[in-house]
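Reader: Could you walk me through a protein model, one piece at a time? I am new to this, so please go slowly.

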Amino acid sequence: LRSAHHILKYDCHFDLKEINPKPELVDGESLYQYFKKKIISGEMAISSLERLEKGTFRCSCQRIGGPHKFQSAQVEFEMGGAMSEYYEKIKPKMADYDVCVMVNVIGYNVLVGTQLNVHDLSKERHFRKFRNAVTIKTNLAYAMVRLAAIKPGDHIADPFCGSGTLLLEALEMFKKQLYCIGLDVSRRSANGARENALAENCGEDICKFVCSDARGLRRHLKDESIDAIVSNLPWGIMTGHRDASDLKTMYEIFLRTAWYALKPRARIVMLVLRGLQITRIVRKLSGRYKLLSVNVVRTTNNLPCIVVVEKLAVDELRESIKAQLAYFNQYVNVSPEIYHAIHNEDIDEHT
């Protein structure tokens with residue numbers, strides 16, 4: 001259940017093609033007529049309303065895909081209206097209701113069920129003492145930790161830790177058999193994350209939080225000491241970074257610095273708003289990282305991406321160039337001093 005928003009008790013389902021062979025033409029009125037007919041005939045029923053002798057209910061809708069000729073609000077109004085007319089003793093109510101009936105429209109499939117939980121499950125964990133103004137939901141944190149290929153005993157870091165959600169989720173998943181370190185430039189966030197950790201009995205022996213700029217990662221992490229970095233990178237919306245070039249510079253410095261802290265083949269799992277921008281940076285650093293996957297996530301108002309990269313054991317592009325320079329240097333008259341002035345390093349005679 002770590003990846004769930006809500007838990008539904010299944011009641012019924014149907015395909016919009018049952019209403020119209022061209023499902024994109026189905027409107028709110030058609031939904032109402034079809035659903036009302038099915039309820040009256042007994043082919044469909046809402047079990048929670050069947051058992052309720054009197055009380056209140058709400059009809060809520062989540063809609064993904066399409067195209068649809070209706071909006072979520074129309075689904076709630078029309079299908080909720082059909083339920084209200086059939087179950088006459090149960091009155092519709094938007095707040096403080098007894099039952100919430102969820103209608104999930106996924107493409108052209110419609111799934112109807114009763115919501116069993118009261119609050120969003122993705123908002124319940126890891127915020128006992130402190131919640132940052134901008135924080136990641138725990139179900140998304142769970143997915144990101146899964147993508148990091150973490151094993152018991154690993155060392156995990158989050159350079160933009162906020163409330164500490166990602167690290168605390170990882171610790172809970174692996175029964176505290178990890179060592180975690182979180183960094184945040186905000187002292188309030190670092191202190192708040194520490195309070196959240198202590199509230200879950202995660203002391204500094206397994207989970208440490210530091211107030212530090214992520215660009216100074218190497219001050220707190222030894223080279224090749226980290227098995228995975230999992231982080232929700234700043235999006236630039238709440239932080240005031242209106243210039244995308246500022247974020248680009250920060251992302252690139254972070255990736256360059258993180259390379260030293262990671263063990264060979266270790267992963268970075270990042271949630272970023274600018275997915276295309278971060279992939280361009282990863283390609284720019286292609287000798288250092290291998291791009292494993294990019295998955296777009298649908299949130300309320302944005303489409304961020306989960307980007308997964310893997311550290312290459314050596315900077316293959318850099319080593320290839322060095323080998324070529326070392327080989328051809330024997331055929332040209334370039335002194336070690338001039339070579340160093342051009343490339344800012346000495347000739348590698350053993351390459």
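Author: What follows is a conversation about the sheets, helices and a few individual residues of this structure, which is a predicted model.

Reader: Let's start with one residue, then. Where does Val75 lie?

Author: Val75 is part of helix H3, which covers residues 72–86.

Reader: And is Val75 buried or exposed?

Author: Val75 has a relative accessible area of 0%, and because anything under 20% is called buried, Val75 counts as buried.

Reader: What does Val75 touch, leaving out residues up to four places away in sequence?

Author: With those left out, Val75 touches Leu31, Cys61, Phe70, Gly80 and Val103. Take Leu31 from that list: Val75 and Leu31 are 44 residues apart in sequence, and their C-alpha atoms are 7.5 Å apart in space.

Reader: Leu31 again, okay. Which helix of the contact does Leu31 belong to?

Author: Leu31 belongs to H1, the helix of residues 28–41, which packs against H3 at an angle of about 30 degrees, with the two axes 9 Å apart. Because an angle under 35 degrees counts as roughly parallel, H1 is described as roughly parallel to H3. The crossing of H1 past H3 is right-handed.

Reader: Which residues make that contact?

Author: On the H1 side they are Gly28, Glu29, Leu31, Tyr32, Phe35, Lys36, Ile39 and Ile40, and on the H3 side they are Val75, Glu78, Met79, Gly81, Ala82, Met83, Glu85 and Tyr86. Sorted by kind, the residues of this contact of H1 with H3 are ten nonpolar, two polar and four charged.

Reader: Moving on to sheets, in what order do the five strands of the open sheet come?

Author: The order across that open sheet of five strands is S1-S5-S4-S2-S3, and the pairing is mixed. The edges are strand S1 (8–15) and strand S3 (90–92), each of which pairs on one side only. From one strand to the next, the twist averages 25 degrees.

Reader: How many bridges join S2 to S3?

Author: Strand S2, residues 55–64, is joined to S3 by three bridges, and these two strands run parallel. As an example, Gly55 has Ile90 as its bridge partner in S3.

Reader: What does H3 touch when it packs on this sheet?

Author: H3 touches S1, S2, S3, strand S4 (99–106) and strand S5 (109–115), and its direction makes about 145 degrees with that of S2.

Reader: What about the other open sheet, the one with seven strands?

Author: Its order is S8-S7-S6-S9-S10-S12-S11, again with mixed pairing. The edge strands here are strand S8 (207–211) and strand S11 (289–296), each pairing on one side only. If direction is ignored, neighbouring strands are turned by 15 degrees against each other on average.

Reader: How do S7 and S8 pair?

Author: Strand S7, residues 179–184, pairs with S8 in the parallel sense over five bridges, and within S7 and S8, Ile181 stands opposite Lys208.

Reader: Which strands does H4 lie across?

Author: Helix H4 (residues 138–147) lies across strand S9 (226–232), strand S10 (262–272) and strand S12 (305–311), and it runs at about 155 degrees to S10. Helix H8, residues 275–284, also packs on the sheet, where it touches S10, S11 and S12 and makes about 170 degrees with the direction of S11.

Reader: Why is H5 said to be largely enclosed?

Author: Helix H5 (residues 165–173) is described that way because seven of its nine residues are buried. The buried ones are Thr165, Leu166, Leu167, Leu168, Glu169, Ala170 and Leu171, and they pack against H4, S6, S7, helix H6 (187–199), S8 and S9.

Reader: Last topic, backbone oddities. What is phi at Asp96?

Author: Phi of Asp96 is near 55 degrees, which is a positive value in a residue other than glycine. Asp96 sits in the loop between S3 and S4, and at 70% relative accessibility Asp96 counts as exposed. Ala149, also not a glycine, has a positive phi of about 55 degrees, but Ala149 is in the loop between H4 and strand S6 (155–158) and counts as partly exposed, at 43%.

Reader: And which peptide bond is cis?

Author: The bond from Gly66 to Pro67 is cis, with omega near 10 degrees, and Pro67 has its place in the loop between S2 and H3.

Definitions and conventions:
Residues are numbered from 1 along each chain as its sequence is written. This is a predicted model: local features need pLDDT of at least 70, side-chain atom pairs count only at pLDDT 80 or more; totals for chains, interfaces and linings use all residues. Side-chain values use heavy atoms; hydrogens and water are left out. Helices (H or I, at least four residues) and strands (E, at least two) are DSSP runs, numbered from the N terminus. Buried means under 20% relative accessible area, exposed over 50%, partly exposed in between (1.4 Å probe, protein chains only). Contact means heavy atoms within 4.5 Å. Two strands pair if DSSP finds at least two bridges between them. Axes are lines fitted to C-alpha atoms, for helices over the stretch in contact, and angles run from 0 to 180 degrees between N-to-C directions. Angles under 35 degrees count as roughly parallel, over 145 as roughly antiparallel, 65 to 115 as roughly perpendicular and the rest as oblique. A crossing is left-handed if the near helix is turned anticlockwise from the far one by less than a right angle, and right-handed if clockwise. Ala, Val, Leu, Ile, Met, Phe, Trp, Tyr, Cys and Pro count as nonpolar, Asp, Glu, Lys and Arg as charged, and the others, Gly among them, as polar.
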